[in-house]
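Let's take a walk through this protein together, beginning at its surface and then moving to its strands. Please have the sequence and the 3D view open as you read.

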Amino acid sequence: PPKAPQGTRWLSCDQLAAMEPRLDTSKMAGALLLPHDSQIDARLLHDALLEEAEAHPNLTIMSSTAVTGLTMCPSDPHRIDSISLDTAPHKVVADHYVCAAGAWTRSLLPLLPVTPTRGQVIALDVGNESPLTSVIYSSDLYLVPKPASKCLLVGATVEPDARYAPGQTTAGGVASLLQAAIDLVPSLADCPIRELNSGLRPTALPDRLPVIGETPFSNVTVATGHHRNGILLAPITAQMISTAVKAASENRNVAKAFAEELDLDQETILSVSYNRFTSSVAERQTDLGSAPREHPVRVWKVEPDGTETPVYYKQPPE
């Protein structure tokens with residue numbers, strides 16, 4: 001088993017109560033202290049990354065734009081020649097494409113068993129004095145103090161096979177979170193609710209591990225399936241995608257590049273590989289829920305006479 005991080009130690013209920021006096025420790029056996037564990041504000045991170053990207057002279061950002069079609073290369077069915085967008089009259093051509101479509105991945109790569117898992121979250125207004133100083137994680141939920149925004153996050157539900165409705169919350173989901181939070185910290189019952197929200201996590205079944213790297217198309221790289229760990233795994237995912245795109249453009253083996261340039265072991269590389277899904281295709285077509293229909297995507301094959309035929313492929317291109 002992996003070693004515990006340095007400084008990790010068990011706290012008795014008395015020690016826990018001394019550290020976090022608002023916690024109701026009456027039904028607890030104790031807690032594991034992870035002194036080096038930390039958190040980040042995902043919204044602030046997003047805004048900072050977007051600002052940096054918008055300032056880059058060689059980047060064009062097209063928000064609220066969906067990919068509606070992929071056109072195969074006429075001479076090579078293992079390559080994508082161009083993509084179609086719902087906001088552009090012309091096709092977009094690139095040397096390489098990265099599919100990072102999250103819960104909507106199967107619209108672009110139907111063979112990937114990535115389904116949406118909804119997570120509902122609540123922000124409670126705690127004012128200048130947060131009832132907690134530490135992140136609390138239990139079997140039912142997590143409580144995350146956000147001193148800068150004077151709130152406490154309560155999250156999050158894990159709802160498989162969720163409908164594609166980001167931002168939608170339910171009475172049952174909110175009630176279960178609030179009850180579990182108040183059971184842990186009774187004083188939270190008096191806190192105003194500042195915000196209710198939800199998001200859709202891309203979950204690769206059955207192992208819930210990310211899918212990062214190659215696809216059946218030689219010039220398409222994928223980054224999806226991060227489930228609950230998208231922010232946590234963002235840095236290594238960025239490194240892997242950068243390495244994969246560069247290796248593919250130079251006709252080098254991507255897995256070998258991961259091992260040599262990022263010092264990843266073979267087990268890790270295989271555990272996030274698209275290839276782990278290439279067997280038993282028929283089995284993967286069942287129990288995956290319905291693919292998203294907001295922006296149905298077609299793969300277009302260019303015929304010898306120049307016409308384009310829609311292809312709904314069940315297998316990787318031969």
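Which residues form a nonpolar patch on the surface with about 330 Å² of accessible area together? In this predicted model, the patch consists of Trp10, Leu32 and Leu34. Trp10 is a good place to start looking, and you will find this residue in strand E1, which spans residues 9-11. Its relative accessible area is 51%, and because exposed means over 50%, Trp10 counts as exposed.

Now step back to the whole chain. The protein chain has 318 residues, of which 37% are buried. About 18,600 Å² of the protein chain is exposed, with carbon and sulfur atoms supplying 54% of that area. The fold is built from 8 helices and 14 strands. If you consider the contacts with a separation of 6 or more, 63% of them come from residues 24 or more positions apart.

From here, let's turn to strand E6, residues 114-125. This strand is mostly covered, with 10 of its 12 residues buried. What does E6 pair with, and in which sense? One partner is strand E10 (residues 193-204), and the two pair in the antiparallel sense over 11 bridges. To trace this pairing in the 3D view, find Val114, which stands opposite Ala204 in E10.

Strand E9, residues 151-155, is also joined to E6: these two run antiparallel and share 5 bridges. Here the pair to look for is Asp125 of E6 and Cys151 of E9, which stand opposite each other.

How values were computed:
Residues numbered from 1 in each chain as written. Predicted model: local features only at pLDDT ≥ 70, side-chain atom pairs only at ≥ 80, totals over all residues. Heavy atoms only, no water. Patch = residues over 30% accessible without salt bridge, like charges linked within 9 Å, V, L, I, M, F, W, Y side chains within 5 Å. Areas by Shrake-Rupley, 256 points an atom, 1.4 Å probe, with all protein chains shown as cover. Salt bridge = Lys/Arg side-chain N within 4 Å of Asp/Glu carboxyl O. Helix = DSSP H or I, 4+ residues; strand = E, 2+ residues; numbered from the N terminus. Buried < 20%, exposed > 50% of the residue type's maximum accessible area, 1.4 Å probe, protein only. Pairing = 2+ DSSP bridges. Contact = heavy atoms within 4.5 Å.
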